[in-house]
Structures are given as C-alpha cells and as structure tokens.
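Please open the model in a viewer and keep the sequence panel visible beside it. The tour below proceeds by selections, each followed by a short account of what is found there.

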Amino acid sequence: MKDHDTVPYHLPALPAEEAIARAQSLRDRLKERRSCRYFSDQPVPREVIEAAIEAAGTAPNGANHQPWHFAVVTSPEKKRAIRLAAEEEEKRFYGEDGDKPKASDEWLDALSDLGTDADKPFLETAPYLIVVFAQRKGGIEEDGKTQNYYVNESVGIACGMLIAALHEGGCSTLTHTPSPMGFLREACERPEWEKPLMIVVAGRPSADATVPAHALKKKPLSQIASWL
C-alpha cells in the first residue's frame with residue numbers, strides 16, 4: 001500500500017446491552033419515517049436542514065471526492081418554477097397530456113396503490129426543497145475537471161443519511177424524481193458536469209396528512225437478510 005498520512009481512529013466500545021439498545025432505538029425511530037405528500041408551510045429551523053446536510057456530507061464515497069451538492073430551495077418563486085416544470089414531465093409520465101404515457105402499464109399499475117399522479121403541490125407548500133446533485137467531475141477541490149468515482153453509489157448513500165437525519169430532526173420527507181430532471185440544473189444554477197439526482201422535500205406534515213396503507217407493508221427481516 002502506498003504511504004499516506006493517517007490519523008488515529010477510535011470508536012468507543014459499548015457493552016452489548018447498550019449496543020443492542022442503541023441499534024434498536026434507532027431502528028424504531030426510523031420505522032416511523034414515511035414518505036409524505038401532504039405538507040404544511042410551517043417553518044422548520046434552518047439549523048435542522050444544515051445539520052442534516054452536514055450529516056449527509058460524512059457519507060462514505062469514492063476516493064473521498066464527496067461528489068455531491070445539495071441545493072436548498074426556499075424561494076417561493078423558485079419553488080413555483082420547479083413545480084411547474086416537474087408537473088409538465090409528470091403529465092407526460094402519466095399520460096395526462098393526452099399522449100400515450102411514458103410509463104409502462106406495469107409501472108402505472110405498481111403505482112396505483114400509492115395514489116400518485118401528476119399534481120405535485122408539495123413542491124410549493126413545503127418550506128424546503130433539497131435538490132441533490134451528483135458531481136460527475138470535480139474531485140474534492142470541485143475544479144470541474146477531476147474524475148469522480150462511484151458517483152451514484154456515493155450520492156445514494158448520502159441521500160439515505162440525509163433523510164435519516166431530517167427524520168431525526170422532526171421533518172417529514174419525500175423523494176421526488178421527475179424524469180428527465182435537467183431543468184433542475186438550470187433552476188438551481190448548477191454547472192453542466194452536475195447531474196440532478198432527486199428532490200428531497202422536507203417540512204412538517206399537514207394536519208390532515210395521510211399515507212397510503214400500502215406503504216406500511218414492509219418486508220420482514222427474514223426476507224431482506226440472509227446469514228451465511
């Protein structure tokens with residue numbers, strides 16, 4: 001291995017009982033997380049969003065290039081523009097523009113239990129839209145030239161940590177992925193080597209918020225894990 005600078009790393013050893021309790025406590029809090037489509041305009045402290053993004057920025061990533069950017073949109077005008085552009089793409093996806101849907105019948109059938117459609121009012125109502133960009137180039141210096149590695153994997157992990165941290169801070173979240181998403185680069189004034197990956201909608205749920213019953217069906221541990 002090539003010589004390189006290092007610093008000590010220490011993770012406190014926990015008694016088994018405490019380790020189990022901590023893991024189970026976090027599991028139980030995260031099991032309360034739901035994808036919310038009904039937001040209020042109730043303010044959320046900016047510090048919550050900042051802390052969640054800082055947590056996401058610690059995610060493991062290829063060559064420590066940290067190939068992500070989180071554009072936080074709060075301007076009503078920007079949110080309105082993003083909603084209108086996203087809904088245009090969604091109308092084509094669902095076939096609500098009069099043409100054949102971009103989505104297959106199988107895909108639309110899979111979504112039917114979630115009750116989704118082209119109307120996305122949450123993009124205006126929620127106080128924060130966090131538009132996540134994957135940086136295909138840039139390196140740790142963000143020079144726009146250096147090749148980045150494992151970009152989608154790295155940014156995907158960061159998004160998971162972002163959502164978990166937002167939930168811990170009392171925010172409801174929704175991941176929204178209109179396709180194509182190129183309009184988000186222009187809306188957020190980001191460079192051409194960045195690829196918009198998703199919008200994380202963040203805020204407080206409305207007083208009458210609901211979630212689809214179908215969304216409560218989670219695979220058990222026996223189905224999602226194997227022990228070899």
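**First stop: helix α3 and a pair within it**

Begin by selecting E87 and R83, in a model that is predicted. These two residues are four apart in helix α3, so about one helical turn separates them. Their side chains meet in a salt bridge, with a distance of 2.8 Å from N to O. Is R83 buried or exposed? R83 is buried, and E87 is buried as well. For R83 the relative accessibility is 14%, and because buried means under 20%, the residue falls in that class.

**Second stop: from R83 to D119**

Keep R83 selected and add D119. The side chains of D119 and R83 also form a salt bridge, at 2.9 Å from N to O. This pair links distant parts of the chain: D119 lies in the loop between α4 (105-111) and α5 (122-125), R83 lies in helix α3, and the two are 36 residues apart. D119 has a relative accessible area of 43% and is therefore partly exposed.

Next, extend the selection to R80 and E124. Together, R80, R83, E87, D119 and E124 are linked in a network of salt bridges. A general principle applies here: side chains of opposite charge can pair when their charged atoms come close.

**Third stop: the other end of a long connection**

Now select E189 and K78. Which residue forms a salt bridge with E189? The partner is K78, and the closest N and O atoms are 3.4 Å apart. E189 is in the loop between α7 (182-187) and β4 (194-203), while K78 is in helix α3 (residues 76-94), so the pair ties together parts that are 111 residues apart in sequence. E189 is exposed, with 65% relative accessibility, whereas K78 is partly exposed at 30%. The count of salt bridges comes to 13.

**Fourth stop: the largest pocket**

Display the surface and select E90, F93, Y94, W107 and T177. Of the 18 residues that line the largest pocket, these five are the closest to its centre. The space in this pocket is about 390 Å³. Which elements each supply at least two residues of the lining? They are α3, α4 and β3 (172-176). By character, the lining residues divide into nine nonpolar, five polar and four charged.

**Fifth stop: strand β3 and its partner**

Select strand β3, one of the elements that contribute to the pocket lining. Four of the five residues of β3 are buried, so the strand is largely enclosed by the rest of the structure. Add β4 to the selection: β3 and β4 run antiparallel and are joined by five bridges. To inspect one position, select S172, whose bridge partner in β4 is G203.

**Last stop: the whole chain**

Finally, clear the selection and view the chain in full. How many helices and strands does the chain have? The secondary structure comes to eight helices and four strands. Read along the sequence, these elements follow the pattern α-α-β-α-α-α-β-α-β-α-β-α. The C-alpha trace spans about 60 × 45 × 40 Å along its principal axes. Of the 228 residues, 35% count as buried. Among contacts between residues at least 6 apart in sequence, 76% join residues at least 24 apart.

How values were computed
Residues are numbered from 1 along each chain as its sequence is written. This is a predicted model: local features need pLDDT of at least 70, side-chain atom pairs count only at pLDDT 80 or more; totals for chains, interfaces and linings use all residues. Side-chain values use heavy atoms; hydrogens and water are left out. A salt bridge is a side-chain nitrogen of Lys or Arg within 4 Å of a carboxyl oxygen of Asp or Glu. Buried means under 20% relative accessible area, exposed over 50%, partly exposed in between (1.4 Å probe, protein chains only). On a 1 Å grid over the protein atoms alone, a cavity is a set of points where a 1.4 Å probe fits but cannot get out, and a pocket is an open set with protein on both sides within 12 Å along at least five of seven lines; lining residues have an atom within 4 Å of a point. Grid points are joined across faces, edges and corners, and a volume is the space filled by probe spheres set on the points. Ala, Val, Leu, Ile, Met, Phe, Trp, Tyr, Cys and Pro count as nonpolar, Asp, Glu, Lys and Arg as charged, and the others, Gly among them, as polar. Two strands pair if DSSP finds at least two bridges between them. Contact means heavy atoms within 4.5 Å.
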